[in-house]
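Me: I would like to learn how to read strands, buried side chains and ring pairs from a set of coordinates. Please take one feature at a time.

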Amino acid sequence: MNATRVLVLNSGSSSVKYQLLDMRDGRRLAVGMVERIGEQTSRLKHTRVSCGQTRELNGPIADHDAALKAVAGELARDGLGLDSPELAAIGHRVVHGGLFFTEPTVVDEAVITEIERLIPVAPLHNPANLTGIRTAMALRPDLPQVAVFDTAFHTSMPESAARYAIDTKIADRHRVRRYGFHGTSHAYVSRAAAELLGKAPEDVNVIVLHLGNGASASAVRGGRCVDTSMGLTPLEGLVMGTRSGDLDPAVIFHLRRVGGMSMDEIDTLLNKRSGLFGLCGDNDMREIRRRIEAGDEQARLAVDVYVHRLKKYIGAYYAVLGTVDAVVFTAGVGENADFVREAAVAGLEGLGLAVDGARNAVRGDHARLISPEGARVAVAVIPTDEEGEIATQTYALVGEDERGEHDDRGGRSDLGD
């Protein structure tokens, strides 16, 4: 095919991240971000990668429509506009695809309807994702728009891992089950881990720890997810920047009945005022480390709770997999906080896990082993590449469609209840 470029859009509630890639070699042509959409202090930061030139636009950007038009304008300034015949497709990150979307999917009105129906289980994410899709469709109605779902990688989980132990009729009626998130990251990193070990993905078992402001763990057997820490929503699982992670469900009843809190107040507490922030008032691991070094016991407790939960999931997923070839750290905290990595595997030598101090202290944007030479289980740091993964999946789908090799829309299963 002649068109070899893919624009990746990740539309958040008040931001848009984007990358333009040439899929002939995976080279990034432009990257950028619009933040604080809807505020007077909006900012667009755009970088043309080939020359390293960065431009910033500061001032009010009213909405996502205005943000994407501003992005299109910056790309056009570099000769990379959306009207280019070299643009093959636009790939969109969509957080929740339920059980309906198991692969990347070309967007049409039926797909939009299904994404809308999933808003109740992803109220913070799916609306923003849809806004990005609709705006991009208006800008280039002739171009394939492809949705790549955070949940898709986890649809391979067996029912024993995906089901909650509640009444099945109620669960099915309201789509209550464990879906998992960060799927593009877990897919990319588990595959990259196999490559780092010089093996095929189907020949390795990997525990992936995606540790950013949002955090999740996954157990990947032979390239397929068999368990993951997030559930119906991105609230379950590990301690995160502002989210509680695992919690006794009765805490919610207690706060409602005894604390007199409304459901909206509890929702805000668990999603925005918990996790590291709730424990110590900070959700930036760099600041928390600085406070620990200054003797702050509240910051120390926050990290202790964070690491304790990590250890529990490493041990649990070791048991789920039976044998483990690698434990991999990725995302902002996983890639940069060496003290978190060291603490997470400390005391797990009996499982074959350890880090080499010198290797662990190395910083960089490359995949690397941090375990000692000859370790039974590899411990690695692999920078995630969610945008690259979205672009790869998008281009593969569009290429198949152009060659007439792809059936239906690529990833949509039964759209009924």
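The dialogue below goes through sheets, a buried polar residue and aromatic pairs.

Reply: Keep in mind that this is a predicted model.

Me: What is the strand order of the open sheet of eight strands?

Reply: The order is S5-S4-S3-S2-S1-S6-S8-S7, and the pairing is mixed. Strands S5 (53–58) and S7 (105–106) are the edges, each pairing on one side only. Inside the sheet, S1 (residues 5–11) and S2 (residues 16–22) run antiparallel and are joined by seven bridges. One register point is Leu 7, whose bridge partner in S2 is Leu 20.

Me: Which helix packs on the sheet, and which strands are touched?

Reply: Helix H3 (residues 126–139) packs there, touching S1, S6 (87–94) and S8. The direction of H3 makes about 165 degrees with that of S6.

Me: How should I read the two faces of a strand?

Reply: In a regular strand, side chains alternate between the two faces of the sheet. Strand S14 (residues 378–381) is a case to look at: Ala 378 and Ala 380 point one way, Val 379 and Val 381 the other, and all are buried.

Me: Which strands pair with S14, and in which sense?

Reply: S12 (residues 326–330) pairs with S14 in the parallel sense over four bridges, with Val 328 as the bridge partner of Ala 380. S13 (residues 368–369) pairs with S14 in the antiparallel sense over two bridges; there Arg 368 is matched with Val 381.

Me: Is strand S10 (residues 215–221) largely enclosed or open?

Reply: Six of its seven residues are buried, so S10 is largely enclosed by the rest of the structure. S9 (residues 205–211) runs antiparallel to S10, with seven bridges joining them, and a hairpin of three residues connects the two. The register includes Leu 211 opposite Ala 215. S10 also pairs with S11 (residues 224–228) in the antiparallel sense, over four bridges, and Ala 219 stands opposite Asp 227. The hairpin of S10 and S11 has two residues between the strands, and Gly 222 in that hairpin takes a positive phi near 55 degrees.

Me: What does the side chain of Gln 145 contact?

Reply: First the setting: Gln 145 is in strand S8 (residues 145–149) and is buried, with a relative accessible area of 3%. Its side chain makes a polar contact of 2.7 Å with the side chain of His 92. The side chain of Gln 145 also reaches the backbone oxygen of Ala 136 at 3.5 Å. Beyond its neighbours within four places in sequence, Gln 145 is in contact with several residues, including Ile 90, Thr 105, Val 107 and Met 137.

Me: How many aromatic pairs does the structure hold, and how is such a pair described?

Reply: A pair of aromatic rings is described by the distance of the centres and the angle of the planes. The structure holds two pairs. The rings of Phe 101 and Phe 149 have centres 4.5 Å apart and planes at 5 degrees, so this pair is stacked. Phe 101 lies in the loop between S6 and S7 and Phe 149 in S8, so the pair ties together parts 48 residues apart in sequence. Phe 101 is buried at 0% relative accessibility, and Phe 149 is buried at 2%.

Me: What is the geometry of the pair formed by Tyr 313 and Tyr 317?

Reply: Edge-to-face, at 5.6 Å centre to centre with 75 degrees between the planes. Both tyrosines lie in helix H11 (residues 297–321), four residues apart, about one turn of the helix. Tyr 313 is buried with a relative accessible area of 12%, and Tyr 317 is buried with 3%.

Terms used:
Residues are numbered from 1 along each chain as its sequence is written. This is a predicted model: local features need pLDDT of at least 70, side-chain atom pairs count only at pLDDT 80 or more; totals for chains, interfaces and linings use all residues. Side-chain values use heavy atoms; hydrogens and water are left out. Buried means under 20% relative accessible area, exposed over 50%, partly exposed in between (1.4 Å probe, protein chains only). Two strands pair if DSSP finds at least two bridges between them. A polar contact is a pair of N or O atoms within 3.5 Å; within protein, one must be able to donate a hydrogen and the other to accept it, and residues adjacent in sequence count only if both atoms are side-chain atoms. Contact means heavy atoms within 4.5 Å. Axes are lines fitted to C-alpha atoms, for helices over the stretch in contact, and angles run from 0 to 180 degrees between N-to-C directions. Rings of Phe, Tyr and Trp (its six-membered ring) pair if their centres lie within 6.5 Å; planes under 30 degrees apart count as stacked, over 60 as edge-to-face and the rest as tilted.
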